[in-house]
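Biologist: I would like to learn how to read a model like this one, feature by feature. Where shall we begin?

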Amino acid sequence: GPRLLGNIAIALELPDGPVRLAGFENHAGRTYLGPGATPLGRVLRGNGNNGTDGTEGVRGGPHGTVIGTYMHGPLLPKNTAFADWLTATALGVELDPLDDTLEGAAHAEAARAAGV
């Protein structure tokens with residue numbers, strides 16, 4: 001089928017609460033999650049895994065820390081809450097807060113571009 005291309009926003013749950021990721025997708029693949037597989041998030045705008053079921057990515061592993069996604073580009077700099085969670089989880093530590101003013105502006109622009 002046609003490429004799934006454009007801005008995307010998804011909602012997901014992290015241990016500290018709900019998070020919205022905003023980014024970009026450009027893929028011709030179609031992913032359909034099997035029984036027992038958990039999507040990374042729910043599509044707010046965009047196509048996600050296959051353009052039809054409203055899911056994006058996959059989250060797995062015994063602690064829910066294995067992540068797969070079609071979102072790419074500057075995903076982590078534009079989504080600091082997700083980047084912080086990913087980094088803290090990988091290191092097994094709590095991170096000291098940083099000034100995320102510029103990153104917050106990048107996230108807001110990516111979310112605006114995705115229409116949310």
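Biologist: Which residues make up the largest nonpolar core?

Modeller: First, a caution: this is a predicted model. Now the general idea. In soluble globular proteins, nonpolar side chains tend to be buried together. Here the largest nonpolar core has 12 residues in all: Ile8, Ile10, Leu12, Leu14, Val19, Leu21, Leu40, Val43, Met71, Leu75, Phe82 and Trp85. Strand 1, strand 2 and helix 2 each supply at least two residues of this core. Strand 1 gives the largest share, 4 residues.

Biologist: Take one core member. What does Leu21 touch, leaving out residues up to four places away in sequence?

Modeller: Leu21 touches Ile8, Ala9, Ile10, Leu12, Leu40, Met71, Asn79, Phe82 and His107.

Biologist: Now the strands. In which sense do strand 1 and strand 2 pair, parallel or antiparallel?

Modeller: Antiparallel, over 11 bridges. A hairpin of 2 residues makes the connection from strand 1 to strand 2. For the register, look at single pairs. Asn7 has Phe24 of strand 2 as its bridge partner. Ile8 is matched with Gly23, also in strand 2.

Biologist: How many bridges join strand 1 to strand 3?

Modeller: There are 3, and these two strands run antiparallel. Strand 3 covers residues 41–45. One pair to find on screen is Ala11 opposite Arg42 of strand 3.

Biologist: Next, helix 2. How far apart are its end C-alpha atoms, and what span should its residues give?

Modeller: Helix 2 runs over residues 80–91, which is 12 residues. At 1.5 Å a residue, the span should be 16 Å. The end C-alpha atoms are 16 Å apart, so the two values agree. Just after helix 2 comes Gly92, with a positive phi of about 70°.

Biologist: Which residues of helix 2 are buried, and what do they pack against?

Modeller: The buried ones are Thr80, Phe82, Ala83, Trp85 and Ala88. They pack against several elements, including strand 1, strand 2 and helix 3. Strand 5, strand 6 and helix 1 are also among the partners.

Biologist: And charges? How many salt bridges does the structure hold?

Modeller: The general idea: side chains of opposite charge can pair when their charged atoms come close. This structure holds 1 salt bridge. Arg112 and Glu109 form it through their side chains, at 2.5 Å from N to O.

Biologist: Where do Arg112 and Glu109 lie?

Modeller: Both lie in helix 3, 3 residues apart, about one turn of the helix. Geometry helps here. An α-helix has 3.6 residues a turn, so residues three or four places apart point the same way.

Biologist: Is Arg112 buried or exposed?

Modeller: Arg112 is exposed, because its relative accessible area is 53% and the cut-off is over 50%. Glu109, at 41%, is partly exposed.

Biologist: One last residue. Why does Thr55 count as buried?

Modeller: Thr55 counts as buried because its relative accessibility is 15%, and buried means under 20%. Thr55 sits in strand 4, residues 55–56. Its side chain makes a polar contact of 2.7 Å with that of Asp53. Beyond four places in sequence, Thr55 touches Pro39, Gly41, Val43, Asn47, Gly48 and Asn49. Val43 is also one of the core residues listed at the start.

Note on methods. Residues numbered from 1 in each chain as written. Predicted model: local features only at pLDDT ≥ 70, side-chain atom pairs only at ≥ 80, totals over all residues. Heavy atoms only, no water. Buried < 20%, exposed > 50% of the residue type's maximum accessible area, 1.4 Å probe, protein only. Polar contact = N/O pair within 3.5 Å; in protein donor to acceptor, adjacent residues only side chain to side chain. Contact = heavy atoms within 4.5 Å. Expected span 1.5 Å × (residues − 1). Pairing = 2+ DSSP bridges. Salt bridge = Lys/Arg side-chain N within 4 Å of Asp/Glu carboxyl O. Core = buried A, V, L, I, M, F, W, Y, C linked by side-chain atoms within 4.5 Å.
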